[in-house]
Amino acid sequence: MLKDIFINVIYKYTSDEAVIDKLWADIENAYQKSNRSYHNLDHLETIVCDLDKCRSYINDWDVVIFSTCYHDVVYNTLKTIMRSLALLTQDENYPWQTCRQLKLKSVPPK
């Protein structure tokens with residue numbers, strides 16, 4: 001269910017299957033690690049199901065879905081977060097353009 005929701009939302013921003021697969025794989029891999037007892041894919045599904053009940057009150061469902069999916073991708077200390085971000089910025093294949101588009105869409109105009 002969550003994967004389908006994520007893919008339906010991401011298709012609004014890109015139809016590049018490789019980018020979509022990469023973005024979902026990053027989420028899936030992060031939340032399926034063995035050290036995750038609570039913050040896992042089931043947790044994300046619960047969040048989305050709960051939020052769906054009040055969806056009519058949510059102005060930007062896409063932002064909610066992306067925020068939910070990425071809210072705990074890095075699951076460790078600040079040092080690990082900084083290291084992970086540094087590694088991501090060095091990955092030439094990471095779909096940064098799509099990420100930038102998502103960020104720009106979520107920033108309210110001035």
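**Exercise 1. Work out whether Phe6 is buried or exposed, then find its partners.**

Start with Phe6 itself: its relative accessibility is 0%, so it counts as buried (buried is under 20% relative accessible area, exposed over 50%, partly exposed in between, with a 1.4 Å probe and protein chains only). Keep in mind that this is a predicted model, where local features need pLDDT of at least 70, side-chain atom pairs count only at pLDDT 80 or more, and totals for chains, interfaces and linings use all residues. Residues are numbered from 1 along each chain as its sequence is written, and side-chain values use heavy atoms, leaving out hydrogens and water.

Next, Tyr70: Phe6 pairs with it edge-to-face, at 6.3 Å centre to centre and 65° between the planes (rings of Phe, Tyr and Trp, the last by its six-membered ring, pair if their centres lie within 6.5 Å; planes under 30 degrees apart are stacked, over 60 edge-to-face, the rest tilted). Phe6 sits in helix α1 and Tyr70 in helix α4, so this pair ties together parts 64 residues apart in sequence (helices are DSSP runs of H or I, at least four residues, numbered from the N terminus). Tyr70, at 29% relative accessibility, is partly exposed.

Last, zoom out: Phe6, Tyr13, Trp24, Phe66 and Tyr70 make up one aromatic cluster.

**Exercise 2. Sort out which residues of helix α1 are buried.**

Across residues 2-10, the buried ones are Leu2, Phe6, Ile7, Val9 and Ile10. They span an arc of only 165° around the axis, which puts them on the same side of α1 (the arc is taken over directions from the helix axis to the C-beta atoms). Now flip the helix: the face turned away from that buried side carries exposed Asp4 and Asn8.

Notes. Helices (H or I, at least four residues) and strands (E, at least two) are DSSP runs, numbered from the N terminus.
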